[in-house]
Amino acid sequence: MWHVISGRMTGVSRQPRVAVELVPVAAHQAEVAALLSRTEIQRLPVEDCLGSALAADVTAPIPLPPFDNSAMDGYAVHCADIAGAGEATPVTLPVVEDIPAGRGDAPALQRGQAHRIMTGALLPAGTEAVIPVEATDGGVDRVEIHAPIEAGKHLRRAGSDVELGELVARAGDRLSAARIGVAAALGIAELPVHRKPRVLVLSTGSELTEPGRPLEAGRIYESNGVMLAAAVREAGGIATRLRIVPDDVEEFRAAVDPYLAEVDLLLTTGGVSAGAYEVVKDALTGQGVEFRKVAMQPGMPQGAGTYRGVPVITLPGNPVSALVSFEVFVRPALLAASGFREVHRPTTSATLDGQALRSPAGKRQFRRGRYHFDTGVVRVLGAQGSHLLSAMAESNCLLEIPESTISVDPGSAVTVWLLDDPQNRSVPGSGRQ
Ligand SMILES: Nc1nc2c(c(=O)[nH]1)N[C@H]1C(S)=C(S)[C@@H](COP(=O)(O)OP(=O)(O)OC[C@H]3O[C@@H](n4cnc5c(N)ncnc54)[C@H](O)[C@@H]3O)O[C@H]1N2
Ligand code: MOO
């Protein structure tokens, strides 16, 4: 179904009349999201799960740590035995047992004894504290102890990290290095995850040249395909890049068709606007893909549908338009299909710094910028032109200007989408701006 809003705005002065009818951003988002089904669940070895979405809740089959153990290399003691110990008044105890990590049969510690014990080793029954080796002479048969210690010191209790049966990860969580570590620590060898969606990325345009080759007059290097494939991978998908397809429908079909059986999504860039050589539009119109203008800047020309049973999203060719469109439409749909619970970028309200922003009436505008976590201020980077990719490469956020807003003054609040930070400066409170 088409949800259409008119570009004509009432009560807004000096705005040019927009002749075409525009599809609202939310309507196109919903149509794109509905195209992709959730991928099936598979059990994978934990070490192969990085970046996947967990498909079921995980509860702890054992506590962590599994048993009481020592937090230090030192000596297991009864506190009262060394209560009077000091540099000038050392206490000497017999070392009765040696307990490396992994030993499970050490006898109980009796009053007046010390057991030498290593970090991570099972505490012998009766241990009240572990005195670190640095506070002793390090003796093997007898140990001279130079300080007292409180009960409970340097002991790690069973379950102090994770209790038996505790929920440690939820369905829809992204499996990070730390979550994979927790699963392994719990003895979990395999996890149920959603299969990563396979995305075929296709760049079209007779002007495109692969990087590394000489650039002839009138041609440019292909960048959208590599960039979108990287964006797919960042979003947890598996991207395959096809060779560049020139503006020729037969070549388009010949390049794409052999791969269709293997992919969950065909993602194209270029060839969708109003020119004489719009290969994507020409190849896919009447084949199940609908082309439209979305009330958004950049990223107005869009297409979505299915081609030979495979979901297709066609992004515009201008590089900023392609990447912003990926953020707005493709990334959330891909994350939802991959089983993630959280599919949207985190957003926050920021204070605009610098110059006033102008935005076309009736369109949602996305500007690139740098959000400063310490001050809550956002500054736009680069102009609005959708060929200005380098400013996007420096940005850590998108500013979202609603359809009803035609200008934003400095000092006003503006919503920002927080992106992965290319400068790695986005750690709140890090002070590195
Ligand atoms: N008469 C009109 N012209 C244009 C309209 C319009 O509504 N009426 N829309 C403009 C908007 S907005 C956009 S966005 C672009 C979209 O155009 P296409 O999707 O058809 O893309 P192309 O024309 O193929 O390319 C546009 C631009 O981007 C460069 N490009 C394309 N692919 C790549 C790539 N893989 N790597 C790097 N750069 C690429 C291409 O060379 C062009 O400069 O149309 C406007 N025009
Ligand atoms: O709407 Mo286009 O995507 O600005 O360059």
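**Close-up views of a predicted model**

His-194 counts as buried, at 7% relative accessibility.

**Figure 1. A look at His-194, in a predicted model.** This model is predicted, so keep that in mind for every view here. His-194 belongs to strand S13, which covers residues 190-194. Why does His-194 count as buried? Its relative accessibility is 7%, and buried means under 20%. Even so, the side chain of His-194 has a partner to look for: it reaches the backbone oxygen of Thr-39 at 2.9 Å.

**Figure 2. Thr-136 and its two backbone partners.** Find strand S9 (129-132) and strand S10 (142-145), then follow the loop between them to reach Thr-136. Is Thr-136 buried or exposed? With a relative accessible area of 10%, Thr-136 is buried, because the cut-off for buried is under 20%. Now check out the side chain of Thr-136. It reaches the backbone oxygen of Val-133 at 2.7 Å. A polar atom of that side chain also lies 2.9 Å from the backbone nitrogen of Gly-138.

**Figure 3. Ligand 1 and some of the residues around it.** There are 23 residues around ligand 1, and the ones that come nearest are Glu-207, Glu-222, Val-272, Lys-293 and Gly-317. Which atoms of ligand 1 pair up with the protein here? One oxygen contact involves Lys-293: an N or O atom in the side chain of Lys-293 is 2.5 Å from an oxygen atom of ligand 1. Glu-207 also uses its side chain, with a polar atom 2.7 Å from an oxygen atom of ligand 1. Asn-224 joins in through its backbone instead, where an N or O atom lies 3.2 Å from a nitrogen atom of ligand 1.

**Figure 4. Ligand 2 and its shell.** Which residues surround ligand 2? They are Pro-298, Gly-299, Met-300, Pro-301, Asn-318, Ser-321 and Ser-386. By class, this shell has 3 nonpolar and 4 polar residues, with no charged ones. Three polar contacts are worth finding. Gly-299 offers a polar backbone atom 2.5 Å from an oxygen atom of ligand 2. Ser-321 brings a polar side-chain atom to 2.6 Å from an oxygen atom of ligand 2. For Asn-318, a polar side-chain atom lies 2.9 Å from an oxygen atom of ligand 2.

**Figure 5. The largest pocket, where ligand 2 sits.** The space taken by ligand 2 is the largest pocket, and the volume of this pocket is about 520 Å³. How many residues line the largest pocket? The lining has 31 residues, with Gly-270, Gly-271, Pro-316, Gly-317 and Asn-318 nearest the centre. Strand S16 (220-221), strand S20 (296-297) and helix H6 (319-337) each give at least two residues to this lining. Sorted by class, the lining of the largest pocket holds 11 nonpolar, 15 polar and 5 charged residues.

**Figure 6. The second largest pocket.** This one contains about 360 Å³ of space. Its lining is made of 18 residues, and those nearest the centre are Glu-234, Leu-323, Glu-327, Met-392 and Asp-420. Helix H3 (224-234), H6 and helix H7 (389-394) each give two or more residues to the lining of the second largest pocket. What classes of residue make up this lining? It has 11 nonpolar, 1 polar and 6 charged residues.

Notes. Residues are numbered from 1 along each chain as its sequence is written. Chains are lettered from A and ligands numbered from 1 in the order in which they are written. This is a predicted model: local features need pLDDT of at least 70, side-chain atom pairs count only at pLDDT 80 or more; totals for chains, interfaces and linings use all residues. Side-chain values use heavy atoms; hydrogens and water are left out. On a 1 Å grid over the protein atoms alone, a cavity is a set of points where a 1.4 Å probe fits but cannot get out, and a pocket is an open set with protein on both sides within 12 Å along at least five of seven lines; lining residues have an atom within 4 Å of a point. Grid points are joined across faces, edges and corners, and a volume is the space filled by probe spheres set on the points. Helices (H or I, at least four residues) and strands (E, at least two) are DSSP runs, numbered from the N terminus. Ala, Val, Leu, Ile, Met, Phe, Trp, Tyr, Cys and Pro count as nonpolar, Asp, Glu, Lys and Arg as charged, and the others, Gly among them, as polar. A residue is near a molecule or strand if one of its heavy atoms lies within 4 Å of it. A polar contact is a pair of N or O atoms within 3.5 Å; within protein, one must be able to donate a hydrogen and the other to accept it, and residues adjacent in sequence count only if both atoms are side-chain atoms. A molecule sits in a cavity or pocket if more than half of its atoms lie within 2 Å of its grid points. Buried means under 20% relative accessible area, exposed over 50%, partly exposed in between (1.4 Å probe, protein chains only).
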